[in-house]
Each structure stands twice: as structure tokens, then as C-alpha cells.
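I opened this model to look up a few buried and exposed places. My notes follow the structure.

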Amino acid sequence: MICYIKAVIAKKGPLVGVTPAEYRFRTRYGAAVIAVHRHGKRIQDYPGNIKLQSGDVLLLEAGPTFIAQNANNQHSFALINEVKSK
């Protein structure tokens with residue numbers, strides 16, 4: 001089962017200043033970055049090539065255990081929330 005997750009990049013952490021591709025995001029977290037929003041606007045670039053900043057909101061496609069596995073990962077994410085479909 002696939003879940004859609006919103007995750008906010010933590011202020012100081014391993015994701016700040018690197019691209020998802022450089023950090024091997026999919027391998028480390030078991031999730032794919034679908035989109036990146038910064039200051040309320042979507043960045044129109046391939047998500048894997050965007051240098052991440054603190055406060056960026058990632059839209060992720062992940063497995064059902066992503067939140068449980070990363071809920072206490074305050075080094076990488078300030079907030080994690082499942083996107084509920086209507």
C-alpha cells in the first residue's frame with residue numbers, strides 16, 4: 001500500500017544543503033520525493049536535483065511504515081504528516 005506524506009525539513013540536519021539524489025533519499029528513507037514546496041510555492045524542477053533548505057515541505061510517496069519509522073527522526077524532519085485522500 002502506498003501512502004502520501006508531507007514532511008518538513010528540520011532546521012539543522014543532514015538534509016539541509018543537499019539534494020535528495022546526493023543524500024540517496026529513497027534508499028535511506030524508503031520514500032520517493034514527488035515535489036518540493038518552499039515558501040508556499042512548488043519548485044518547478046526535478047525533485048531529486050533541488051538543494052533542500054530548512055522549512056522545505058516535501059511530498060513523499062512512501063510505504064505505510066514510513067511515519068512510524070521516522071516519527072522520532074527530529075534531525076531530518078521537523079514534522080511528518082500523512083496526506084489523507086477525500
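These entries go from the core to the surface and then to the loops.

**Entry 1: the core.** I am working with a predicted model. I looked up the largest nonpolar core first. This core has 19 residues. L15, F25, L58, L60, F66 and F77 have the most contacts inside it. I then asked which elements give two or more residues to this core. They are β1 (3-9), α2 (25-29), β2 (31-38), β4 (57-62) and β5 (77-82). The largest share, four residues, comes from β1.

**Entry 2: L58.** I picked L58 from the core list and pulled its contacts, leaving aside neighbours within four places in sequence. L58 touches I5, K6, A7 and I9, among others. The list also includes V33, A35 and V36. F25, L52 and F77 complete the contacts of L58. F25 and F77 are also among the residues with the most contacts inside the core.

**Entry 3: a surface patch.** Next I looked for nonpolar surface. I2, Y4, I34 and V83 make a patch of about 330 Å². I checked Y4, which sits in strand β1. Y4 counts as partly exposed because its relative accessibility is 38%, between the 20% and 50% cut-offs.

**Entry 4: H39.** Is H39 buried or exposed? H39 has 76% relative accessibility, so it counts as exposed; the cut-off is over 50%. I found H39 in the loop between β2 and β3 (41-42). I also took a distance to R28, eleven residues apart from H39 along the chain. The two C-alpha atoms are separated by 26 Å.

**Entry 5: D56.** D56 lies in a loop too, the one between β3 and β4. Here the relative accessibility is 1%, so D56 counts as buried. What joins the side chains of D56 and R38? I found a polar contact of 2.7 Å. I then listed the contacts of D56, again without neighbours within four places in sequence. They are A7, V8, I9, V36, H37, R38 and K51. A7, I9 and V36 were on my list for L58 as well.

**Entry 6: T19.** My last stop was T19, in the loop between β1 and α1 (20-23). T19 is buried because its relative accessible area is 8%, and the cut-off is under 20%. A polar atom of the T19 side chain lies 3.4 Å from the backbone oxygen of G48. Beyond four places in sequence, T19 is in contact with G48, N49, I50 and K51. K51 was on my list for D56 as well.

Conventions. Residues are numbered from 1 along each chain as its sequence is written. This is a predicted model: local features need pLDDT of at least 70, side-chain atom pairs count only at pLDDT 80 or more; totals for chains, interfaces and linings use all residues. Side-chain values use heavy atoms; hydrogens and water are left out. A nonpolar core is a set of buried Ala, Val, Leu, Ile, Met, Phe, Trp, Tyr and Cys residues joined through side-chain atoms within 4.5 Å. Buried means under 20% relative accessible area, exposed over 50%, partly exposed in between (1.4 Å probe, protein chains only). Contact means heavy atoms within 4.5 Å. Patches are made of residues with over 30% relative accessible area and no salt bridge: like charges are joined within 9 Å, nonpolar side chains (Val, Leu, Ile, Met, Phe, Trp, Tyr) within 5 Å. Accessible areas come from the Shrake-Rupley method with a 1.4 Å probe; for residues, only the protein chains shown count as cover. A salt bridge is a side-chain nitrogen of Lys or Arg within 4 Å of a carboxyl oxygen of Asp or Glu. A polar contact is a pair of N or O atoms within 3.5 Å; within protein, one must be able to donate a hydrogen and the other to accept it, and residues adjacent in sequence count only if both atoms are side-chain atoms.
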